[in-house]
Amino acid sequence: MSRCFVARRLLCAAAETAAAPASSSRWERLKSSKAGVWCRSLFSDYKEACREIFVGAWERPVKASVYVSLLGGAWACFYTKPDISSFDAAVVEHSTQLGLLSPWIRSATSDGHIQSLVKLRNEGRLRHASLGLLSLVYRADYDPDTTLYEAQCSSLSVPWRELPQRVLDVGFGGRWWILDSKMKDFDVNEEEFKRLPAHMQVTSPPSVQEVERNERLHKESLFPLKVEDEEKETHVSKEDSVSDESQITSLKEEQTQA
């Protein structure tokens, strides 16, 4: 009986082995592994998210356009964000422009701001910080190559809460805003106009009639003088002199007759 039971078990095992499918390939084993299952679930999640984005944009076009505009504006601000090299170039350019002017013509505000920036630049105390969509330029106490203990010790460094008081300029949209505002009317010295009356310190724009009159006078000044007009003027003056002389002679005759 035992021999028959063992033979039966061997035959059943052989039948199960014959009925089992062929061994799976390496790609199928990779897909059924934990890493394969995780990658497939991640891909399906991203696929579903993209489908929802396109469906939502089709159903709400105004909202989608607002989001696209915001993303495009953020990308443009990030792409056009100025760096420290552009700030140095702007400072040197404005310093050259002021150097070409006489000290009596320069604006004191522009000149003082540029001179302070040039001094900090020469001392190596300008620092640049990128905040993603905009840039900041602030001043430091020491040059980064200074080997003094106060300059190298991290415990004595300036805290971040003092950064707003040290900011010198803000870069956004491809320009430095504080520098451009300080250089407005850099060739006008405000000190020259402080002694004038209040109504003369402020200039109002001319009216339409004044502009038309000035344009007409300017156009007339370009034309040469006509000889006919001069002859008419001389003829009229001669006639006036003749009439005056005739009146004088008539008065003399009346006096003699009397």
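## The S3–S4 hairpin

In this predicted model, strands S3 and S4 form a hairpin in which two residues lie between the strands, and one residue of the turn, Gly173, has a positive phi of about 65 degrees. S3 covers residues 167–172, while S4 consists of residues 175–176, and the two strands pair in the antiparallel sense over two bridges. Within this pairing, Gly171 has Trp176 of S4 as its bridge partner.

Arg175, which belongs to S4 (residues 175–176), has a side chain that meets the side chain of Asp180 in a salt bridge, with an N to O distance of 3.1 Å. Arg175 is partly exposed at a relative accessible area of 34%, and Asp180 also counts as partly exposed, at 28% relative accessibility. Asp180 falls in helix H9, which spans 177–182.

## The sheet as a whole

The hairpin is part of an open sheet of four strands, arranged in the order S1-S2-S3-S4 with antiparallel pairing. S1 and S4 are the edge strands of this sheet, each of them pairing on one side only.

Strand S2, residues 135–139, is joined to S3 by four bridges, and these two strands run antiparallel. Among the residue pairs across S2 and S3, Ser135 stands opposite Gly171, and Val137 has Asp169 as its bridge partner in S3. Gly171 is therefore placed between two partners, with Ser135 opposite it and Trp176 as its bridge partner in S4. As a general point, side chains in a regular strand alternate between the two faces of the sheet.

## Helix H6 and its surroundings

Helix H6 comprises 15 residues, which at 1.5 Å a residue should span 21 Å, and the end C-alpha atoms of H6 are indeed 21 Å apart, so the expected and computed spans agree. The helix is followed by Gly124, whose phi is positive, near 70 degrees.

The buried residues of H6 are Ser110, Asp111, His113, Ile114, Leu117 and Leu120, and they pack against H5, S1, S2, S3 and H9. Within this group, His113 is buried with a relative accessible area of 13%; leaving out residues up to four places away in sequence, His113 touches Leu168, Ile178, Leu179 and Lys182. Asp111, another of the buried residues, forms a salt bridge with Arg106, in which the closest N and O atoms are 3.9 Å apart.

## The nonpolar core

The largest nonpolar core has 13 residues, of which Phe87, Leu117, Leu126 and Leu179 touch the most other members. H5 and H6 are the elements that give two or more residues to this core, and the largest share, four residues, comes from H5.

Leu117 also links several parts of the chain: apart from its neighbours within four places in sequence, this residue is in contact with Phe87, Val91, Leu126, Leu168 and Leu179. Leu168 and Leu179 are likewise among the residues touched by His113.

## Ser107 in the loop before H6

Ser107 is located in the loop between helix H5 (84–99) and helix H6 (108–122). Because its relative accessible area is 1%, Ser107 is buried. The side chain of Ser107 makes a polar contact with the side chain of Glu190, at 3.1 Å. When neighbours within four places in sequence are set aside, the residues in contact with Ser107 are Asp185, Phe186, Val188, Asn189 and Glu190.

## Salt bridges

Eight salt bridges are found in a search of the whole structure. One of them joins Glu48 to Arg51, with the closest N and O atoms 2.5 Å apart. Both residues lie in helix H3 (residues 34–59), and because they are three residues apart they are separated by about one helical turn. In general, an α-helix has 3.6 residues a turn, so residues three or four places apart point the same way. Glu48 is partly exposed with a relative accessible area of 35%, and Arg51 is partly exposed at 46%.

Elsewhere in the model, Asp141, Glu162 and Arg166 are linked in a network of salt bridges.

Methods
Residues are numbered from 1 along each chain as its sequence is written. This is a predicted model: local features need pLDDT of at least 70, side-chain atom pairs count only at pLDDT 80 or more; totals for chains, interfaces and linings use all residues. Side-chain values use heavy atoms; hydrogens and water are left out. Buried means under 20% relative accessible area, exposed over 50%, partly exposed in between (1.4 Å probe, protein chains only). A polar contact is a pair of N or O atoms within 3.5 Å; within protein, one must be able to donate a hydrogen and the other to accept it, and residues adjacent in sequence count only if both atoms are side-chain atoms. Contact means heavy atoms within 4.5 Å. A nonpolar core is a set of buried Ala, Val, Leu, Ile, Met, Phe, Trp, Tyr and Cys residues joined through side-chain atoms within 4.5 Å. Two strands pair if DSSP finds at least two bridges between them. The expected span of a helix is 1.5 Å times one less than its number of residues. A salt bridge is a side-chain nitrogen of Lys or Arg within 4 Å of a carboxyl oxygen of Asp or Glu.
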